[in-house]
Amino acid sequence: MRKRIIAGNWKMNLTPKQAKELILELSPKVKHAACEVVVCPPAVDLQAVSEAISGTNIVLGAQNVHWKESGAYTGEISAKMLLELGVKYVIIGHSERRQYFGETDETVNMRALFALESGLVPIICVGESLETRESGTTNEFVSNQIKAALKGMSKEQVKGIVIAYEPIWAIGTGKTATSAEAYEAISAIRSTIADIYDESVANLVRIQYGGSMNSRNASELLAMENIDGGLIGGASLKADDFAAICAAASK
Ligand code: PEP
């Protein structure tokens with residue numbers, strides 16, 4: 001029922017030329033993927049990647065969007081700019097943005113609402129720190145992040161969004177949540193959505209796992225029926241690794 005989605009978060013890596021080269025290498029390797037294949041390059045690479053993915057099954061995502069249509073917001077990117085370049089998805093609330101760039105639950109909500117109103121699909125990131133996990137309050141923490149992120153969203157809007165459960169302690173560290181840990185947190189997220197809306201809505205929302213997912217651990221994580229894909233950082237920069245994850249999600 002839920003089509004799996006593997007999205008590569010390239011973060012602040014690759015120039016436009018390098019981005020194009022990666023797409024040229026990646027596109028033949030993922031052309032038979034049964035999952036949705038998304039790449040989210042840095043903003044300045046979007047034009048080059050948009051051209052390079054033309055005629056392939058790779059879909060374009062961005063790493064940020066502002067909540068206003070246009071104006072005096074230096075350094076920000078509007079939904080209209082992204083749409084003109086063929087962007088479909090946009091990552092919102094990544095823990096690196098929360099940690100280093102002042103992103104809050106409130107701005108995550110504003111960005112997500114505006115993305116939806118503009119016709120973009122938000123990939124909303126949530127996830128706990130190691131401290132929260134060790135204190136045994138992970139489910140409550142991610143549930144509160146979800147409630148804040150979805151504030152003011154209609155049922156119809158929520159059905160189409162993507163959520164990435166990304167434990168902060170697993171991002172870029174080589175430590176992966178066990179499939180059972182990921183399953184439990186994702187179940188908590190889904191039941192929060194069911195509480196706010198209803199079960200049928202919750203069953204339509206795609207929830208990815210993110211945090212050091214790679215070609216070796218992807219199959220086990222994606223074998224959980226509740227995990228609808230992955231948000232991939234480091235491994236998305238290597239065509240073979242990213243293609244292997246897409247293959248694991250296509251089974
Ligand atoms: C991410 O940045 O969303 C991520 C999951 O990174 P990594 O795969 O490198 O842990």
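This is a short tour of a protein chain and the ligand it holds. Keep in mind that the model is predicted.

**Stop 1: the whole chain.** Select the protein and show it as a cartoon. You should find twelve helices and eight strands. The radius of gyration is 17 Å, close to the 18 Å that the globule rule gives for 251 residues, so the chain is as compact as a globular protein of that length. Along the principal axes, the C-alpha atoms fill a box of roughly 45 × 45 × 35 Å.

**Stop 2: the pocket.** Now select the ligand. Where does the ligand sit? Its place is the second largest pocket.

**Stop 3: the shell.** Select the residues around the ligand. There are 14 of them. Lys11, His94, Glu166, Gly172 and Ser212 are the closest. By type, the shell holds four nonpolar, eight polar and two charged residues.

**Stop 4: three side chains.** Show Lys11, His94 and Glu166 as sticks. Start with Lys11: an N or O atom of its side chain is 2.6 Å from an oxygen atom of the ligand. Move to His94, where a polar side-chain atom lies 2.8 Å from a ligand oxygen. Finish with Glu166, which places a polar side-chain atom 2.6 Å from an oxygen of the ligand.

**Stop 5: the cover.** Turn on the protein surface. How much of the ligand's accessible area does the protein cover? On its own, the ligand has 290 Å² of accessible area, and the protein covers 95% of that.

Note on methods:
Residues numbered from 1 in each chain as written. Predicted model: local features only at pLDDT ≥ 70, side-chain atom pairs only at ≥ 80, totals over all residues. Heavy atoms only, no water. Near = heavy atom within 4 Å. Polar contact = N/O pair within 3.5 Å; in protein donor to acceptor, adjacent residues only side chain to side chain. Areas by Shrake-Rupley, 256 points an atom, 1.4 Å probe, with all protein chains shown as cover. 1 Å grid on protein atoms, 1.4 Å probe; cavity = no way out; pocket = protein on both sides within 12 Å on 5 of 7 lines; lining within 4 Å. Sits in = over half its atoms within 2 Å of the grid points. Nonpolar A, V, L, I, M, F, W, Y, C, P; charged D, E, K, R; others polar. Helix = DSSP H or I, 4+ residues; strand = E, 2+ residues; numbered from the N terminus. Rg over C-alpha atoms; globule rule 2.2 N^0.38 Å.
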